[in-house]
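Thanks for sharing this one. Here are my notes, in numbered points, to read with the model open beside you.

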Amino acid sequence: LQLSSRSAMDRYRVIPPGGGDPITLELDPGTSLAEAHVQIASSFGCLVTSMALLLRNPPGSALPFLRLPEGQVALETAEPLRRFAPPGSVLTAEIAAGSSVSRANEAPTSTEPAEPSLVPSAPSTPPRVAKSMEQRGLLGLRNLGNTCYFNSAVQCLSQTRLLRQGLLADEGFSPQEPADDITRLQKGVQKGPTFVAMSSLLSQIWGPFSGEASAPRELKATVAAASSSNNIFSGYGQQDAQELLQALLEALHKEMLRPAQNVSATDVSEDERLWRDAQARDASLVSDLFQGQLWSEVRCRACDTADQTFDLFWSLPLPVPVAGGTAPLDSALEAFCSEEALEAESWRCERCSEQQGVKRFGLWRLPTVLQLHIKRFEWKSPTAQKSTSSAVASGPPLKAAIPADSKLLSVTPDKAADEPKSGYPKEEGPEKNQEQHPSVSPSTVDTHLLQDEVGSLEKILALPWEQQERAYALVLRVLERIRDSPKEPKFRSLSSSAEKLRKDLLEPEGGLALLRWAGFRKVGGRFEADEASVTAEMAASRHKELMAHAGAERDRNFRRERDARIEAERRKALPTGCGPALRRWGGRLPSFGRGAQGFGFGHHVECSKVETQLKLQLDPSRARGLAPLPLSRWLAPGAPPPVHGCSDFELYAVVQHIGQTPVSGHYVAYCWHEPSRAWWLFNDAEVRRVEPYRIADEALNGGAYVLFLERASSTAPELASSTITAL
């Protein structure tokens, strides 16, 4: 290919017929389409009339390719090439199937026999033959360096038929509209970089001349730019495939938003108002497919008052019902929709003020494509490290567990109700052989004071830890002095006007009750502890008990602070950010742990994976070999009827994780390929067929992480075909 040395040139990248490394073409700005055609055909050794040029990603168009004038029309076109393809564009040269191949500058073929040549002729370039429909869409993706999470997610979306058709615009689509309304639905939509990159990649995967595995560099770069400010997808480290799906679908949704419309949503129910508003103001091809509506009810067990709310969802985060073994997939939905008791501290009935609430979920509107996120990963916080607080430095190290015979409060401060529900390890009690603290004899202490002041003592737990710490430290210091010097009168008398005593103990709620629990009584303007009631043994026992209680309280507050910081950092790192979009991905998502590194006082969070196999029933009478998942039993009371009356969904794609954490290991995808009527494994660049009778064991094993299901066909079950041979 002749290259010009002049600086002001129009540069193009041209991909040869059949693929391969592109060449750089430099042309004068006024070079006509005919001249460019001749030059490119000459470089690739093909007839000008048999070659066509395709412009990739034409500006302002939703199509992945634009075919330029070809054949005799191209040779008669004197207009500049830049009128058809802007400089810097990528062109693909294509040869029509069955066309003869020869040099473009060869003389016309003579009818006279040619003289034999002693020089062997160069082998001709075989014409490219288009793939059959059964072969398209089975192209692997190259691993760019720990990008298997990316490849597996993209392959599942590639096999989402309605999404693919909408992106490639090869036929119209909308769940609520006729098929020929795609132009009207997408009118006014500005196609952004993620849309263009995704469409381009899909056109390579499903193109008739696709050959080697594609490298999704452009799409990866656009997703990284469109996700949160942390750009977690910009590098080449392993990431979470479910997070990538969030980022990719959110980016496509934003770029494909249809113009907002004003709708009248008066005199309609709450669920209908929410649904109509979303359809009018926040609708795109993505939401048309993946968006459903969730119903939740909070009910008071005491007075039976119920409060209903509705949320939109794009993905359902399902808990794993059992640890290990095998369970049906519908058991995860059962666990998601089952009734759950609310924590008493976080809820109170507005009608009767009782704290006996229960909550349950139900499906209200089913999406066209149901995305199930299996919550296999549990992030656990390490035990808080020992503190060296100066407030209690003179005493022994604080213990993290309360003694079994503690009488400081009627319940332990680290009771089960205060434990977080995010999989953090439960605090263990003292071992059997652990030193037990001596009990306090009723004859040596006024035990009725404890019962009278339980309510006041509990108030101290509501104080900020800094105030609690000062109160505990003061009482501990007093008890320590009585324990070490029981005969010293000055240690048994405290002035109620002392500023430190008043500020740290008497003014905070619960502080006076704590002082009375330690054995002090108010006599005049002082607090006294006589030798008969507060002996050295009693002071030592109370000192140990308060030390254990203060240590447990400190650790619990530190855990809460640490967990709050972890959660804040995690939400910042989520590709959907902290805004309203988070709710449609499940609201309270599991802690992925990326933001937790470095928190927890120098410790790293630990991840465990629940590898329970969630199975679908085998059904040899169906082409996919699996029975549909019926969702009718989880529809909430009063839910609108499903579209076409069908609430059965068939599995068509699975993102599978191999390893122990979502940001390590390996990802693959199992997808149903409709043109070939077969299941296929997509393992980066490798693509392998999987027999239907094996799909339940291979795809739905303990690593099945994200499941894609589509509404089952309303026709009769299809017979599995045994005549389709491997491609």
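1. A word on terms before the core: two residues are in contact when heavy atoms of theirs lie within 4.5 Å. Please also keep in mind that this is a predicted model.

2. With that in hand, look at leucine 316. Which residues does leucine 316 touch once its neighbours within four places in sequence are set aside? The partners are Leu294, Leu333, Phe336, Leu363, Leu370, Gln371, Leu372 and His373.

3. Leu316 also has a place in a wider picture: together with Leu707 and Phe708, it is among the residues with the most contacts inside the largest nonpolar core, a set of 95 residues. A second core, separate from that one, has 29 residues, including Leu461, Tyr472, Ala518 and Met547. As background, nonpolar side chains in soluble globular proteins tend to be buried together.

4. Next, strand E5, which spans residues 90-95. Is E5 mostly covered or mostly uncovered? Mostly covered: six of its six residues are buried. In a regular strand, side chains alternate between the two faces of the sheet. Here one side of E5 carries Val90, Thr92 and Glu94, the other carries Leu91, Ala93 and Ile95, and all of these are buried. You may like to look at Glu94 in particular, a buried residue on the side with Val90 and Thr92.

5. E5 has strand partners to inspect as well. Strand E1 (residues 10-15) pairs with E5 in the parallel sense over three bridges, and arginine 13 has valine 90 as its bridge partner in E5. Strand E3 (residues 51-56) pairs with E5 in the antiparallel sense, over five bridges; there, leucine 54 is matched with threonine 92.

6. Further along the chain, three strands make an open, antiparallel sheet in the order E14-E16-E15. Its edges are E14 (493-495) and E15 (521-523), each pairing on one side only. On average, neighbouring strands in this sheet are turned by 35° against each other, direction ignored. E14 is joined to E16 (residues 526-528) by three bridges, and serine 495 stands opposite arginine 526.

7. Last, a helix pair. How do helix H4 (residues 161-168) and helix H6 (residues 193-206) cross? Their axes come within 9 Å and cross at roughly 110°, so H4 is roughly perpendicular to H6. From H4, Arg164, Leu167 and Leu168 meet Phe195, Met198, Ser199, Leu202, Ser203 and Trp206 of H6. The residues of this contact divide into six nonpolar, two polar and one charged.

Technical notes: Residues are numbered from 1 along each chain as its sequence is written. This is a predicted model: local features need pLDDT of at least 70, side-chain atom pairs count only at pLDDT 80 or more; totals for chains, interfaces and linings use all residues. Side-chain values use heavy atoms; hydrogens and water are left out. Buried means under 20% relative accessible area, exposed over 50%, partly exposed in between (1.4 Å probe, protein chains only). Helices (H or I, at least four residues) and strands (E, at least two) are DSSP runs, numbered from the N terminus. Two strands pair if DSSP finds at least two bridges between them. Axes are lines fitted to C-alpha atoms, for helices over the stretch in contact, and angles run from 0 to 180 degrees between N-to-C directions. Angles under 35 degrees count as roughly parallel, over 145 as roughly antiparallel, 65 to 115 as roughly perpendicular and the rest as oblique. Ala, Val, Leu, Ile, Met, Phe, Trp, Tyr, Cys and Pro count as nonpolar, Asp, Glu, Lys and Arg as charged, and the others, Gly among them, as polar. A nonpolar core is a set of buried Ala, Val, Leu, Ile, Met, Phe, Trp, Tyr and Cys residues joined through side-chain atoms within 4.5 Å.
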